[in-house]
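Colleague: Before we talk, could you put the model on the screen, and then let me ask how each label in your description was earned?

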Amino acid sequence: MAKPQKWNASDIADQTGRTAVVTGANSGLGIATVDALARAGAHVVLAVRDPKRGEAAARTVEGSVEVRRLDLADLTSVREFAGSWHGDLDLLINNAGVMNIPEARTKDGFEMQFGTNHLGHFALTNLLLPHVTDRVVTVASGAHRIPRTNHIHFDNLNLAGEYAPMTAYSQSKLANLLFTLELQSRLAAAGSSVRALAAHPGWAATNLQGGDASVVRRTLMAVGNRFIAQDNKAGALPTLYAATQDLPGASYAGPDGLGELRGGPTLVGRSAAASDPVSAVRLWQASEELTGVTFPQLSGAKARV
């Protein structure tokens, strides 16, 4: 008996009439996600820091796309992007990120990985949420499980004086999952039909690893990208699965292979730290204080009657 075929992008239902925003959409997982959604009929907005690179990427896509500037490391840019949005937004995919980079700060003074990967998306999501009609998908990582670093440094979120690239990345990816958990809780409490989900790509060969602060890690990752990793299209499948399948809120999608490094998309587990509702609430409160952005009042089509 032949094995059943694993879910892939050709299984995406018709997306005609739907609008999606994909952050970090000019390369890697982002452009693969844009391409699949646009081919399925959605109108997709590439939310990118560099519009010229975004336009070049958009020209490679078959379907309805547009490019808008968004710098997640600048809350003014986040507010401008959200403030310029008019009409419904079916799908928000929080895909952009930085990984294991040398210590740096966002324009607002936050540690760059936490500020970009979590705080920028936290602010963007809450500002856009009154427009969202279906779901928010945030791209996390198996790195949220890294031993000894897999917790939120609530007393030092910017890791001042104790910065380590992998610690910062692990914290930001754990924050993505706690954010999804608490966002779903708040949506449910508000009676909203919108769902919050998360996904991770396993090991996908993209340019994300090229900014690693360690020459040794960059070398090892380059080898892994060649011999172990999935390509960006396969790496985007868990995101697309979370974005288009009828899954419960707070679901987490990832590859079904050994160690969740590669394979077809399925629902996967998360660490105990990523499942802690107390930490999720605490992170949410800290994020509101840092960004000045709060959970919005939802009404109309965004809430169940």
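Modeller: Let us begin with Asn100, which counts as buried because its relative accessible area is 3%, and buried means under 20%. Bear in mind throughout that this is a predicted model.

Colleague: Where is Asn100 placed, and what is said about its phi?

Modeller: Asn100 sits in the loop between strand 4 and helix 4, and it has a positive phi of about 55° although it is not a glycine. Leu159 likewise is not a glycine and has a positive phi of about 55°; this residue belongs to the loop between strand 5 and helix 5.

Colleague: Why is Leu159 called buried or exposed?

Modeller: The relative accessible area of Leu159 is 0%, and the cut-off for buried is under 20%, so Leu159 is called buried.

Colleague: What, then, makes Gln5 count as buried or exposed?

Modeller: Gln5 has 70% relative accessibility, and since exposed means over 50%, Gln5 counts as exposed. Its place is in the segment before strand 1, and although Gln5 and Gly264 are 259 residues apart along the chain, their C-alpha atoms are separated by 9.3 Å.

Colleague: How do you know that the length of helix 1 agrees with what a helix should span?

Modeller: Helix 1 covers residues 28-39, and at 1.5 Å a residue its twelve residues should span 16 Å; the C-alpha atoms at its ends are 17 Å apart, so the two values agree.

Colleague: And why is helix 1 described as largely enclosed by the rest of the structure?

Modeller: That description is used because eleven of its twelve residues are buried, including Gly28, Ile31, Val34 and Ala38. Just after helix 1, Gly41 takes a positive phi of about 110°.

Colleague: What makes a group of residues a nonpolar core, and which residues have the most contacts inside the largest one?

Modeller: The residues must be buried and nonpolar, and they must be joined through side-chain atoms within 4.5 Å; the largest such core has 47 residues, with Phe81 and Leu183 having the most contacts inside it. Among the elements that give two or more residues to this core are helix 3, strand 5 and helix 9, while the largest share, seven residues, comes from helix 5. A second, separate core has 33 residues, including Ile12 and Tyr241.

Colleague: Which residues is Leu183 in contact with, leaving aside its neighbours within four places in sequence?

Modeller: With those neighbours left aside, Leu183 is in contact with Thr125, Leu129, Val136, Ala196, Trp284 and Phe295. Thr125 is in helix 4, and on the same reckoning its contacts include Leu92, Asn94 and Phe179. Thr125 is also called buried, because its relative accessible area is 0%, against a cut-off of under 20%.

Colleague: What makes an empty space a cavity, and how many of 30 Å³ or more does the structure hold?

Modeller: A space is called a cavity where a 1.4 Å probe fits but cannot get out, and the structure holds one of 30 Å³ or more. About 30 Å³ of space lies in the largest cavity, and its lining includes Leu72, Asp74, Thr106 and Phe110. Helix 4 gives the most to this lining, with three residues, and the lining residues divide into five nonpolar, three polar and two charged.

Conventions
Residues numbered from 1 in each chain as written. Predicted model: local features only at pLDDT ≥ 70, side-chain atom pairs only at ≥ 80, totals over all residues. Heavy atoms only, no water. 1 Å grid on protein atoms, 1.4 Å probe; cavity = no way out; pocket = protein on both sides within 12 Å on 5 of 7 lines; lining within 4 Å. Points joined across faces, edges and corners; volume = space filled by probe spheres on them. Helix = DSSP H or I, 4+ residues; strand = E, 2+ residues; numbered from the N terminus. Nonpolar A, V, L, I, M, F, W, Y, C, P; charged D, E, K, R; others polar. Buried < 20%, exposed > 50% of the residue type's maximum accessible area, 1.4 Å probe, protein only. Contact = heavy atoms within 4.5 Å. Expected span 1.5 Å × (residues − 1).
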